[in-house]
Amino acid sequence: MPELPEVETVVRQVRPQVVGRTIVAAQVFGRDVLARGTPRAFCAALVGRRITAVRRRAKYFVLDLDDGRLLVGHLRMTGRLYVAREPDPKRTRARFDLDDGRLLLFTDVRKFGRLQLARTLDEALPALGPEPLDGELDGAWMAAALAARRRLLKPLLLDQSFVAGLGNIYVDESLHRAGLHPLRSSDGVPRQRAFALADAIRSVLSAAIAAEGSSFDTFYRTPEGRPGAFQDEFAVYGRDGQPCRACGALIRRIVVGQRGTHFCPRCQPAPRGAARKAHMRRRT
DNA sequence: CAAGACTCCTGACGGC
DNA sequence: TGCCGTCAGGAGTCTT
């Protein structure tokens, strides 16, 4: 699903196609496309605006407009943002006609994605943790941040107010690279492992961006229409029952916080009592 | 503060 | 073959 690497790929590929272009018409289709405001005001505010930049914050994409306002969107599960010559009547939730005759489309099969117009990023976005690739998220930061909380690693890393941009796939992959079990408590992580986790997050995300993201189902495609390639490098995600590429033990899948969670029982040793907890969760 | 449940939505998939 | 139940998952909200 679109996480940081996928959104970064979208932004990089859409940017050269729309920067400098002016929106000559805007339409919104269906309910709940907009996180805030009315379709009428949204569309009226966009017509005539020139797009001056395209960027990413966490899993949000941001289009800067020449009047200083921002078009902010989230792809959630199945959203796509891309430039096309022809509309996609079935899935399109918002359509922006550009002055070169092409269309900037926001499509979304499952309709969880949202758009909004804002004057500042702070106005549009909830509280977000640091960007993993901006330098702030280093070993020292991670060690202090983990120690300051008492939460299971898996849901903590999914929490966007802790670290921005990670989703289910890259949390599982990062924990495996760091040798940390998803059910471990954050305050029990040794300092050395916290440093390893910071490194793991950065290296997994960088590798995934280089591969243009992950496509393991029919949903995520780059704006240019290609699947990503990082699914070929998954160490644990979706590999339950298959041997760990590092040690040969069979990858396991459990549910943590209502999320499918994949790990290697040998590379990521369980904390005390974790097996019992997982067992009880499955029974209830 | 932590954590679980629930909600939104629809294509894909397993079972019979 | 075809119908139907179940699942997946980001993030907000509500409850325990």
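These are my notebook entries on a predicted model of a protein with DNA.

**Entry: DNA strand C**

I began with the surroundings of DNA strand C. I counted 15 residues around DNA strand C, and the closest are H74, R110, Y237, R253 and R259. Next I asked which part of the strand faces the protein. Sugar and phosphate make up 65% of the atoms of DNA strand C that come within 4 Å of the protein.

I then sorted the residues near the strand by type. Six are nonpolar, four are polar and five are charged.

Three arginines got a closer look. The side chain of R110 puts an N or O atom 2.8 Å from a base nitrogen of DNA strand C. R259 also has a side-chain N or O atom by a base nitrogen of the strand, at 2.7 Å. For R253 I found a phosphate oxygen instead, 2.4 Å from a polar side-chain atom.

**Entry: E6**

I looked up E6 in helix α1, which covers residues 4–18. Which side chain of opposite charge is nearest to E6? It is K59, but K59 is 8.3 Å away. A salt bridge needs the nitrogen and oxygen within 4 Å, so K59 does not qualify. E6 is buried and has no salt bridge.

E6 does have a polar partner. Its side chain meets that of Y170 in a polar contact of 2.7 Å. Leaving out residues up to four places away in sequence, E6 touches M1, Y170, G213, S214 and Y220.

**Entry: salt bridges**

Side chains of opposite charge can pair when their charged atoms come close. I noted 20 salt bridges in the model.

I checked D66 with R49 and read 2.6 Å between the closest N and O atoms. D66 sits in the loop between β3 and β4, and R49 in the loop between α2 and β2, so this pair ties together parts 17 residues apart in sequence. D66 has a relative accessible area of 33%, so I logged D66 as partly exposed. R49 is partly exposed too, at 22%.

My next pair was R56 and E131, at 2.9 Å from N to O. R56 is in strand β2 and E131 in the loop between α3 and α4, so I noted a link between distant parts of the chain, 75 residues apart. Are these two buried or exposed? R56 is buried at 17% relative accessible area, and E131 is buried at 8%.

Last came R226 and E224, with their closest N and O atoms 2.9 Å apart. R226 is partly exposed at 36%, and E224 is partly exposed at 47%. I also traced shared partners: salt bridges join E8, R12, R56, R57 and E131 into one network.

Note on methods:
Residues are numbered from 1 along each chain as its sequence is written. Chains are lettered from A and ligands numbered from 1 in the order in which they are written. This is a predicted model: local features need pLDDT of at least 70, side-chain atom pairs count only at pLDDT 80 or more; totals for chains, interfaces and linings use all residues. Side-chain values use heavy atoms; hydrogens and water are left out. A residue is near a molecule or strand if one of its heavy atoms lies within 4 Å of it. A polar contact is a pair of N or O atoms within 3.5 Å; within protein, one must be able to donate a hydrogen and the other to accept it, and residues adjacent in sequence count only if both atoms are side-chain atoms. Ala, Val, Leu, Ile, Met, Phe, Trp, Tyr, Cys and Pro count as nonpolar, Asp, Glu, Lys and Arg as charged, and the others, Gly among them, as polar. Helices (H or I, at least four residues) and strands (E, at least two) are DSSP runs, numbered from the N terminus. Buried means under 20% relative accessible area, exposed over 50%, partly exposed in between (1.4 Å probe, protein chains only). Lys and Arg count as positive and Asp and Glu as negative; His and the chain ends are not counted. Contact means heavy atoms within 4.5 Å.
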